[in-house]
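Q: I'm new to this one and would like a close look at a single part of it. Could you walk me through it?
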Amino acid sequence: MRVLAAMSGGVDSAVAAARARDAGHDVTGVHLALARNPQTYRTGARGCCTLEDSRDARRAADVIGIPFYVWDMAEQFHDNVVDDFVAEYAAGRTPNPCLRCNEKIKFAAVLDRAVALGFDAVVTGHHARLGADGLLRRSVDMAKDQSYVLAVLTRAQLDRAVFPLGDSTKTQVREEAAERGLAVADKPDSHDICFIADGDTRGFLAARLGEAPGDIVDSRTGAVLGRHAGAYSYTVGQRKGLDLRVPAPDGRPRYVLSITPKTNTVTVGPREDLAVDLVTATRPIWHGEPTPVECEVQLRAHGDVVPALVTVGPDGLRARLHTQARGVAAGQAIVAYRPDPAGDIVLGSATIAAGAAAPGDEPGDPVSAGRATAGPGGAGPEHGA
């Protein structure tokens with residue numbers, strides 16, 4: 001099989017390319033140049049898609065003994081990932097840029113070009129498995145599993161994908177890289193958003209969306225408790241840095257419950273009002289059995305799984321959580337899994353539209369999903385391979 005190996009410059013994609021060659025495939029390596037101006041992207045090992053990464057990928061290809069090319073995908077990346085990232089925050093949602101990059105770049109633009117050039121599939125270093133049945137499964141290394149950010153792929157895209165690392169732990173991958181003489185064996189993983197040069201997501205958004213002062217209001221009384229300079233700077237579940245002028249009567253901390261761009265309002269309230277057990281989502285991609293189905297759902301990258309009853313219909317996906325979740329974020333993905341001894345199977349995914357407390361649950365108004373703690377004030381989504 002003639003395959004194109006996407007080589008990011010990291011250890012995972014290098015070992016994936018080497019394994020594909022060892023499996024007898026005709027492998028060509030390609031590095032994606034994603035920056036309109038490479039000097040605006042990170043240097044060093046903190047991010048990905050840097051000039052150093054391109055050089056690391058080329059050196060790895062030389063060691064493996066495969067042809068290597070650099071493809072300029074900067075315009076597609078900017079239009080489909082960077083602009084989307086800013087627009088989603090402006091709309092009060094929390095995008096996952098790694099998921100969007102997989103969907104729009106690696107398994108759309110790159111795959112389309114690869115097929116046009118006569119390649120049969122694209123190889124990546126994602127930690128996930130494709131079974132003999134063609135179903136996407138979790139990696140054996142749960143700490144590094146990336147099936148969540150791949151669950152957006154269609155059946156046709158999965159049929160042309162190869163994930164050689166799913167049966168190995170990250171430790172095993174690094175050991176193998178060292179044995180192969182790959183210089184990236186000890187290269188740190190990337191966790192930051194590659195197109196934000198200094199890691200300041202709040203500053204990145206402010207430079208593009210501008211200052212937009214608005215009110216911080218109490219969820220139960222509607223009272224104005226403070227002011228903000230931009231609603232995109234807040235995250236659902238955030239407790240610190242709210243700068244509220246009026247303390248809660250009971251002295252308990254308040255948390256961000258939702259962000260409403262239409263009124264430029266940040267709503268805060270007690271922790272119990274973060275509880276969500278109904279999730280609605282749009283743009284479902286479903287590979288599993290007919291619904292409703294009892295399964296497990298994951299609501300953000302590397303988040304805990306929650307048992308749920310999932311239904312997919314003409315209006316999208318609906319999940320009734322059997323265990324309440326907090327920090328459910330519009331714009332993130334909900335991914336449904338079926339537990340399986342050979343690795344949890346991805347049934348499908350959808351884009352979260354809202355979360356709410358079901359009727360009969362604890363007192364408090366329904367909570368519209370705003371932003372998870374992985375937004376500008378949180379850790380941020382982890383990058384894929």
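Let's take Phe-85: is this residue buried or exposed, and what is its relative accessible area?

A: Keep in mind that this is a predicted model. Phe-85 has a relative accessible area of 1%, so it counts as buried, the cut-off being under 20%.

Now for its company. Phe-85 forms an aromatic pair with Phe-195, and the two rings meet edge-to-face, with 5.2 Å from centre to centre and 80° between the planes. Phe-85 sits in helix H3 (residues 74–90), while Phe-195 is in the loop between helix H7 (170–179) and helix H8 (201–209), so this pair ties together parts that are 110 residues apart in sequence. Like Phe-85, Phe-195 is buried.

Phe-85 has another ring partner, Phe-204. This pair is edge-to-face too, at 6.2 Å centre to centre and with 65° between the planes. Here helix H3, which holds Phe-85, is linked to helix H8, which holds Phe-204, across 119 residues of the chain. Phe-204 has a relative accessibility of 8%, so it counts as buried as well.

Step back a little and you'll find a cluster: ring pairs link Phe-85, Phe-195 and Phe-204 with Phe-77 and Tyr-89. In the whole structure there are 6 aromatic pairs.

Phe-204 also has a charged neighbour: Arg-208 lies over the face of its ring, 3.7 Å from the ring centre. You can find a similar arrangement at Tyr-337, where the charged end of Arg-138 sits over the ring, 3.6 Å from its centre.

Methods
Residues numbered from 1 in each chain as written. Predicted model: local features only at pLDDT ≥ 70, side-chain atom pairs only at ≥ 80, totals over all residues. Heavy atoms only, no water. Phe/Tyr/Trp six-rings, centres within 6.5 Å; stacked < 30°, edge-to-face > 60°. Helix = DSSP H or I, 4+ residues; strand = E, 2+ residues; numbered from the N terminus. Buried < 20%, exposed > 50% of the residue type's maximum accessible area, 1.4 Å probe, protein only. Lys NZ or Arg CZ within 6 Å of the ring centre and 35° of its normal.
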